[in-house]
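Open the model in your viewer and keep the selection tool at hand. Each stop below says what to select and what is there.

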Amino acid sequence: MTSVLVLAGGLSHEREVSVRSGRRLAEALRSKGFQVKIADLDRHLLGTVDALQPDLVWPTLHGSPGENGSLRDVLQHLGLAFVGPRGPSSRMAWDKPVAKALVARAGVATPAHVAVAHSTFRQIGAGAVLERLARDLGLPLAVKPARGGSALGFHVARTATELGAALVDAYAYDDLALVEHVVEGTEVSVTVIERADGELRALPPVEICPVDGVFDYDHMYNAGETEYFTPARLSPEATEASLQAALTAHRVLDHRHLSRTDLIVDAGGTPWFLECSVSPGLTETSQVPLAIAGAGLQAADVYADLAERVIAEHRTARDDA
């Protein structure tokens, strides 16, 4: 029986979400006949790996433990098959300003933005920084930690006063904050999966409609706080542009197997790149399962096919080495 080790938990602000993602994934894989064990990211992990000798490791860790590349470096060093990007690629996507620069260079629009370090904010004067940001980027401004997920520390500032408070909160999660102009439009996410033949498939965009207009942590994970439409209510041209933007982000950031790209589609149908998730959520309110269902697929089938593909890919690479 094929064995899969699902990694969930970890010491991050997103631990609870990670545990939920891991449980959902494990249930899906077990329903397809896989032997699945869930393990936390702790001092017992390497012993668990040695004892289990899994055919595949599937990280569902959100936040720095699973997305900053270090764990993936360890998994690769151990010679394990695992789902998702390798360490260097993970680091590129995890750092939002870096990801934006790379994706923009590939021709995808991204909102005007600047990364502001906490030390810079303090040393050159908070008042001066806030004034320049509001003037040069134009209000309203979205503020978020430059490295993080689940919309933790995310705020939309419509005044310079709100901008200051938003930066202070963002710095509670990271010493680097990303401040970007808010592009008005339809917020969507696009899931990209690798098929058995190695080709990439972008699933139907999921439209995200939070009840009060701000897609923060509570709206992301609490049932009833956000309405989703799959496929998104976009024109055929805007839908195709969104799919192509997500495929470009997946390739440019050197993702493997599975990714989720977040976009804003403006009134003219242009998709604007926000970020690309290294380890997208798989909870009951996450966009990846919604996109899979919107494509007429079953999540368990998609996860099982992906697991088998990654295992086969790894064995081929090992035999060729």
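Select helix 4 (residues 70-77) together with helix 5 (residues 87-94). In this predicted model, the two helices pack at an angle of about 170°, and their axes are 8 Å apart. Because of that angle, helix 4 counts as roughly antiparallel to helix 5; the cut-off for this word is an angle over 145 degrees. Now show the side chains where the helices meet. Helix 4 contributes Ser 70, Arg 72 and Asp 73, while helix 5 contributes Gly 87, Pro 88, Ser 90 and Arg 91. Sorted by type, the residues of this contact are one nonpolar, three polar and three charged.

**The parallel sheet**

Next, select strands 1, 2 and 3. They form an open sheet with parallel pairing, in the order 2-1-3. Strand 2 (35-39) and strand 3 (56-59) are the edge strands, each paired on one side only. From one strand to the next, the twist averages 25°.

Zoom in on strand 1 (residues 3-7), which is joined to strand 2 by five bridges in the parallel sense. Val 6 is a residue to pick here, as it stands opposite Ile 38 in strand 2. Then add helix 1 (residues 15-30) to the selection: helix 1 lies across strands 1, 2 and 3, and runs at about 170° to strand 2.

**The largest nonpolar core**

Which residues of the largest nonpolar core touch the most other members? Select Val 4, Leu 29, Leu 56, Trp 58 and Tyr 303, out of 28 residues in the core. Strand 1, helix 1, strand 3, helix 12 (287-294) and helix 13 (299-320) each supply at least two residues. Helix 13 gives the most, with eight. As background, nonpolar side chains tend to be buried together in soluble globular proteins.

Center the view on Trp 58. Leaving out residues up to four places away in sequence, Trp 58 touches residues that include Val 4, Leu 5, Val 6 and Leu 7, and also Leu 25 and Leu 29. Other residues it touches include Val 83, Leu 258, Tyr 303, Leu 306 and Ala 307.

A second, separate core has 23 residues, among them Leu 234, Ala 245, Leu 247 and Leu 263.

**Ser 242**

Select Ser 242, which is in helix 11 (residues 236-252). Is this residue buried or exposed? Ser 242 is buried, because its relative accessible area is 0%, and the cut-off for buried is under 20%. Beyond its neighbours within four places in sequence, Ser 242 is in contact with Val 188, Val 190, Leu 234, Leu 263, Val 265 and Pro 271.

**Strand 8 and its partners**

Select strand 8 (residues 186-194). Seven of its nine residues are buried, so strand 8 is largely enclosed by the rest of the structure.

Now add its partners one at a time:

- Strand 12 (residues 258-265) pairs with strand 8 in the antiparallel sense over eight bridges. Thr 186 stands opposite Val 265 of strand 12.
- Strand 10 (residues 206-210) is also antiparallel to strand 8, with two bridges. Look for Val 188, whose bridge partner in strand 10 is Glu 207.
- Strand 9 (residues 200-202) runs antiparallel to strand 8 and is joined to it by three bridges. Here Glu 194 has Leu 200 as its bridge partner.

End at the hairpin of strand 8 and strand 9, where five residues lie between the strands. Select Gly 198 in this hairpin: it takes a positive phi near 90°.

How values were computed
Residues are numbered from 1 along each chain as its sequence is written. This is a predicted model: local features need pLDDT of at least 70, side-chain atom pairs count only at pLDDT 80 or more; totals for chains, interfaces and linings use all residues. Side-chain values use heavy atoms; hydrogens and water are left out. Helices (H or I, at least four residues) and strands (E, at least two) are DSSP runs, numbered from the N terminus. Buried means under 20% relative accessible area, exposed over 50%, partly exposed in between (1.4 Å probe, protein chains only). Contact means heavy atoms within 4.5 Å. Axes are lines fitted to C-alpha atoms, for helices over the stretch in contact, and angles run from 0 to 180 degrees between N-to-C directions. Angles under 35 degrees count as roughly parallel, over 145 as roughly antiparallel, 65 to 115 as roughly perpendicular and the rest as oblique. Ala, Val, Leu, Ile, Met, Phe, Trp, Tyr, Cys and Pro count as nonpolar, Asp, Glu, Lys and Arg as charged, and the others, Gly among them, as polar. Two strands pair if DSSP finds at least two bridges between them. A nonpolar core is a set of buried Ala, Val, Leu, Ile, Met, Phe, Trp, Tyr and Cys residues joined through side-chain atoms within 4.5 Å.
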